[in-house]
Amino acid sequence: MKATIEVKNLQQGYGQKTVLNQINLSLMPGKILALIGPSGSGKTTLVNSIMGMLRPRKGTVRVLGQPVPDRQLLSRIGYMAQTDALYQSLSAQENLAFFGALQGLRKQQLQAQINYAAKIVRLNSSLNQLVKNFSGGMKRRLSLAIALLAVPDLLILDEPTVGIDPELRQHIWLELHHLAAQGKTILLTTHVMEDAEQADQILMIRQGAVIAQGKPQELVKKYQVTSIEEVFLTAGRKQDANSGND
Ligand SMILES: Nc1ncnc2c1ncn2[C@@H]1O[C@H](COP(=O)(O)OP(=O)(O)OP(=O)(O)O)[C@@H](O)[C@H]1O
């Protein structure tokens, strides 16, 4: 079986600045990867490289078997950005219909898919409200619903659980596991350690480099700690010691 995402020796940056170095990652179909790291560590840059929005400076990125950038791949990827790109003066229903049409959903499927996605994020009773009257968390949920609309082969979610209460988060995780069981591949970025613990695989980046990578239980065992948060802290201290930082 071919990996859905295959990143080899990726280096990425902006202008003179190198943001990511020597990133290697392989994610198989039906698996969920959590990408964690402090603010500014390069998570969004890695996501944008996988989406093909940034051309690799060095190394290669392949998604669904194709080297990126590749515009045609975009129709097979459901993407939820960190900042909500929603039409404020339209209702949730109208936003979903607009983005669903953009994703190529046909009229007959569109309403069924809108109902499916709205139900997952529990917005089905708010579909007719204008987005400008939504709370921050409701906007996040609507963005997630848009990413889920076309049930793509690959879902890329940049901080999907920000502003989402614990009960709904559990509900969303159930659906993500359900989608993975159907063979969909999911990559998400998060600052929430409980989210990372739910993933099949974790990639920890700090200062643009991978500091730890593997299954949550294996990482906890390897670092002889009791939580993913402690793995992160221990791996970060090791990185500092190796680079001569305090
Ligand atoms: N378009 C850009 N031009 C120049 N520098 C950028 C650009 N985008 C990001 N950076 C820089 O690259 C580094 C990594 O940013 P990135 O957004 O990938 O981090 P992140 O881990 O996603 O952070 P956060 O958790 O805060 O979203 C930061 O130092 C940031 O300032």
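In this predicted model, I32 of strand β3 has I186 in β8 as its bridge partner. That pair is a good place to start, and the rest of β3 follows from there. Strand β3 (residues 32-36) and strand β8 (residues 185-190) run parallel and are held by 5 bridges. Further along, L35 stands opposite T189 in β8. Turn to the other neighbour, β9, and you will find another parallel pairing, this one with 4 bridges. Here L33 is matched with Q201 as its bridge partner in β9.

With strands on either hand, how enclosed is β3? Of its 5 residues, 5 are buried, so β3 is largely enclosed by the rest of the structure. The burial applies to both faces: I32, A34 and I36 lie on one side, L33 and L35 on the other, and all are buried.

Now let us step back to the sheet as a whole. It is an open sheet of 6 strands, in the order β6-β7-β8-β3-β9-β10, with mixed pairing. β6 (77-80) and β10 (209-214) stand at its edges; each has a single partner strand, so one side of each is left without a neighbour in the sheet. On average, neighbouring strands here are turned by 15° against each other, direction ignored. Helix α4 (residues 136-148) packs on this sheet, where it touches β6 and β7 (154-158), and the direction of α4 makes about 170° with that of β6.

From α4 it is a short step to α2. Helix α2 (residues 92-102) has A92, N95, L96, A97, F99 and G100 buried. Which helices help to cover them? The cover over the buried residues of α2 includes α3 (107-120) and α4. An α-helix has 3.6 residues a turn, so residues three or four places apart point the same way. After α2 comes G104, with a positive phi near 90°.

Back at the sheet, have a look at D200, in the loop between α6 (193-198) and β9 (201-206). D200 counts as partly exposed because it has 16 C-beta neighbours inside 10 Å. Although D200 and L33 are 167 residues apart along the chain, their C-alpha atoms are separated by 6.1 Å. Apart from its neighbours within four places in sequence, D200 is in contact with K31, I32 and K215. The I32 that opened this tour is thus one of the contacts of D200.

The model has a second open sheet, and this one is antiparallel: 4 strands in the order β2-β1-β4-β5. At its edges are β2 (17-27) and β5 (66-67), each pairing on one side only. Strand β1 (residues 5-14) joins strand β4 (residues 58-63) through 5 bridges, the two running antiparallel, and I5 has V63 as its bridge partner in β4. β1 also pairs with β2, again in the antiparallel sense, over 7 bridges; there V7 stands opposite L25. In the hairpin of β1 and β2, 2 residues lie between the strands, and G15 takes a positive phi near 55°.

Next, the ligand. Which residues surround it? Around the ligand are Y14, V19, G37, S39, G40, S41, G42, K43, T44, T45 and Q82. By class, this shell has 8 polar, 2 nonpolar and 1 charged residues. Helix α1 (residues 43-51) gives the most to the shell, with 3 residues.

A few spots in the backbone deserve a closer look. Most residues other than glycine have a negative phi, and most peptide bonds are trans. Against that background, V68 and P69 are joined by a cis peptide bond, with omega about 0°; P69 sits in the loop between β5 and β6. R122, in the loop between α3 and α4, is not a glycine, yet has a positive phi of about 55°. R122 is partly exposed because 16 other C-beta atoms lie within 10 Å. Q224 likewise has a positive phi of about 55° without being a glycine, and lies in the loop between α7 (216-222) and α8 (228-243). Is Q224 buried or exposed? With 9 other C-beta atoms within 10 Å, Q224 is exposed.

Finally, a word on confidence. The mean pLDDT of the protein is 92, and 99% of its residues reach 70 or more. For the complex, the predictor gives an ipTM of 0.97 and a pTM of 0.90.

Technical notes
Residues are numbered from 1 along each chain as its sequence is written. This is a predicted model: local features need pLDDT of at least 70, side-chain atom pairs count only at pLDDT 80 or more; totals for chains, interfaces and linings use all residues. A residue is near a molecule or strand if its C-beta atom, placed from the backbone, lies within 6 Å of it. Ala, Val, Leu, Ile, Met, Phe, Trp, Tyr, Cys and Pro count as nonpolar, Asp, Glu, Lys and Arg as charged, and the others, Gly among them, as polar. A residue is buried if 20 or more other C-beta atoms lie within 10 Å of its own, exposed if 12 or fewer, and partly exposed in between; C-beta atoms are placed from the backbone. Two residues are in contact if their C-beta atoms, placed from the backbone, lie within 7 Å. Two strands pair if DSSP finds at least two bridges between them. Axes are lines fitted to C-alpha atoms, for helices over the stretch in contact, and angles run from 0 to 180 degrees between N-to-C directions. pLDDT is the predictor's confidence in each residue, from 0 to 100.
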